[in-house]
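Dear colleague,

I am passing on the structure we discussed. Please look it over first; my notes on what turned up follow below.

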Amino acid sequence: MERQRRVYFSDSVPPLPYLPKAQKQLFARPAIPTPDRQSPAAITTSSTSLSRNGGYDEILYHPLDHGKLEFRLLVLEPGFGNARLKCRIIPATLRAPPVYTALSYAWEAKVLHPTSSQKDVVLQPGEIEIDINGNALRIGSNLGEAMRHLRDRYHPQTLWIDAVCIDQNSTVEKNHQVELMRRLYRHASHVVAWLGPDFHQSSRFLDLVLQLSSSLDQRERVGLIWNALHDNSFDFQSAFKSFFRRTYWYRTWIIQEIFSAGRIYIQCGTRKISWSDLVSFYKFLTDECCGIGYASNGQHVDYLSESSRTYISHELKKYVSYAHRFRDISTLRSSKTKSNHDKTRRRLDRLLFDNWDAMASDPKDKVFAIFRMASDSKLYNISLDYDLTVREVYINVVQNFVRIYRNLSIILPKRPQHLEFHLPSWCPDLSSTAPAFDRVESSPPYPFEVSEHARKYCAAGPGSEARVRFSGQSMYAYGWRADRIRSISTNADPPYFEEEEEEEDLSIFSCLCFGQSERRVSSHKITQFDIWYAMHRRDILRSFKLRQRHGSKETFSEYTHRKHHEFWHILIRATTLLADDSAYDTRQFRRWRENRDVGYENTATYPYPSMDEVMTPVLRRIVMGLGGIKINERYSCFFLTQDGHMGLGPRDMQSNDVVCILQGCGLPLILRWNGLYFRLIGPAYVVGFMHGWFITSYQTKYGPREEEFEIC
């Protein structure tokens, strides 16, 4: 389990002073007797607490009968203000569950900052002591603050709190209770999501959420937002940001807790709102960012002038990105009642990678906290066992996925691995100790995705199924060795701009794009696209001659035209998160195709023209119009292969790495041979390989020749 707790007994024997070992044994405390156990699969016991009179007759956690689906509840005695929290634990069963409230919270309440230069703000540091069944128990201050706010002045409150109701020292009990957690949150009368104490005017922020969600008049809603943005006494941006940057939203366990709950209330300090109120508020903000307004009957209304709408849209766009974790969790919760298409989004592999930046103190919880809510969980042969190692849990997920779907897509997402887990290169490291705010980590885990209506990538051909076997750290997979890396952009020389080049169009464009007054392009303003284009142009003559030696009948002009077209594929793939086929039927593409540069005649290279490695002003304007690189920067390394193919791949790839296509894998893979076996470097995008065309031509030329790759 993610949360930890400490047991402390105020009336226990004080620590022994320094004594020689022999004398210490004379004053040693007697061992706590352990009751006889029944079958460990059915009943667990714990002896982690003593009675207040110093004896050993009272046990805090009595055995649970797992066959009867028993669990524990915490009864919080009445109290007021800062009075000491007093509780008692009672047994219950899911076969006839009583009325209780489930608490969803983070062990430590923080406001997270996206940069390392700013420190996280700890809202509720330290621990406090509470009384349970007459014994003292130490819990986190944030949990204690939540219990104070849930406590009633006159009536006891029945709660389920995982850190207190589950014996954290019993692995057998934890395994069983984690299996029941979805049902525990589902059967609760309601769930309280405790975000922590009031901070950065969070109470005023929640008051605004409640007012806006309860109003049905669109003009009134807009007025509330307008007033909030112009209220000097209310810093809407800080309140919004600190609310959605709290540690709570980044916990792994809340995904299952919120997904499973029936009614949810969000509580921050003394303010409490319903989950649906917050969803309505967020939807309103995102609609405003798009300039969309709806009346209470659902009809579109034009309620703002163009300037006012632009202002509100511009201001709100600064804020809504802070709530990306809430947006993802809310979308997942709403998928419970939707179509089968949404259930495919709840496949275990998608849940794991969509929540890759969620935090968990125990890396195994990255799987255990999500597993039971997956739509395909019954197909996996996975046991929620905390005695397993992190390596065993993660490898088990990959092996089960490959067995179920005969597909290797689960090995495609890559992040740097933690060495202490000893994971093979084909097993994604799902662990995360801190949320990822930077663009590299927060980008989609699948680097080369296509839009919903575009053709899916199938490098091994449509309907290809993985042929894989596992042995220890090794994965043996069948596929084809397609090519070898020749050059990569991370160590390529920049293009050379001649000093005398002063074309008027280029100088004007340079001034507009780079804000400089020079009439020529200087080398220190070179972009990644300039380097890629120079690499592509330098390699054309070599690769064309190679194709001629292999019997190609293609003319140099035809070959240059085709390579110019292929480079457009690279540009579109790099500047588009979700690529589709529409990018090849646009005005920009037609201009790119019509303004291809086939080189100029040079007696030194006759009969082939010399290839200028610098883009023409027209081509450069087209490229700059596409914007910057939008894919995950880990996969923004441009490369050329020995046979002249071009593509994008992981930034830690090297020359002589192998480009291979494995059966059942939608993308080509970059492998590295170390003398004994291959290591997986990551997936790649290779023009001409993405829809099975390479495999078709390969088999036509060489027949269905495959080899088995050992990847460790």
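To begin with one pair: Glu127 and Arg138 form a salt bridge, with their closest N and O atoms 3.5 Å apart. Glu127 belongs to strand 9 (residues 127–132) and Arg138 to strand 10 (residues 135–140), so this pair ties together parts that are eleven residues apart in sequence. Glu127 has a relative accessibility of 25% and counts as partly exposed; Arg138, at 27%, is partly exposed as well. The pair also sits in a network of salt bridges that links Arg84, Glu127, Glu129, Asp131 and Arg138.

Please keep in mind that this is a predicted model.

Over the whole structure, the search finds 26 salt bridges. Two others are worth listing with their burial:

- Glu257 and Arg251 meet through their side chains at 3.7 Å, N to O; both residues are buried.
- Arg547 and Glu554 form a salt bridge at 3.8 Å, N to O. Arg547 is partly exposed, with 33% relative accessibility, whereas Glu554 has 17% and counts as buried because the limit is under 20%.

On the chain as a whole: there are 22 helices and 25 strands. The chain has 712 residues, and buried residues make up 51% of them. Its accessible surface comes to about 32800 Å², with 50% of that belonging to carbon and sulfur atoms. Of the contacts between residues at least 6 apart in sequence, 72% join residues at least 24 apart.

Now the interior. In soluble globular proteins, nonpolar side chains tend to be buried together. Here the largest nonpolar core has 170 residues, and Phe205, Phe236 and Trp249 are those with the most contacts inside it. Helix 15 (residues 390–405) gives the largest share of this core, eight residues. Apart from this core lies another, of 19 residues, which includes Ala460, Val659, Ile670 and Phe694.

Which residues does Phe236 contact, leaving aside its neighbours within four places in sequence? They are Phe205, Leu208, Ala228, Leu229, Phe281, Leu316 and Tyr319. Phe205 therefore appears twice in these notes, as a contact of Phe236 and, with Phe236 and Trp249, among the residues with the most contacts inside the largest core.

Best regards

Methods. Residues are numbered from 1 along each chain as its sequence is written. This is a predicted model: local features need pLDDT of at least 70, side-chain atom pairs count only at pLDDT 80 or more; totals for chains, interfaces and linings use all residues. Side-chain values use heavy atoms; hydrogens and water are left out. A salt bridge is a side-chain nitrogen of Lys or Arg within 4 Å of a carboxyl oxygen of Asp or Glu. Helices (H or I, at least four residues) and strands (E, at least two) are DSSP runs, numbered from the N terminus. Buried means under 20% relative accessible area, exposed over 50%, partly exposed in between (1.4 Å probe, protein chains only). Contact means heavy atoms within 4.5 Å. Accessible areas come from the Shrake-Rupley method with a 1.4 Å probe; for residues, only the protein chains shown count as cover. A nonpolar core is a set of buried Ala, Val, Leu, Ile, Met, Phe, Trp, Tyr and Cys residues joined through side-chain atoms within 4.5 Å.
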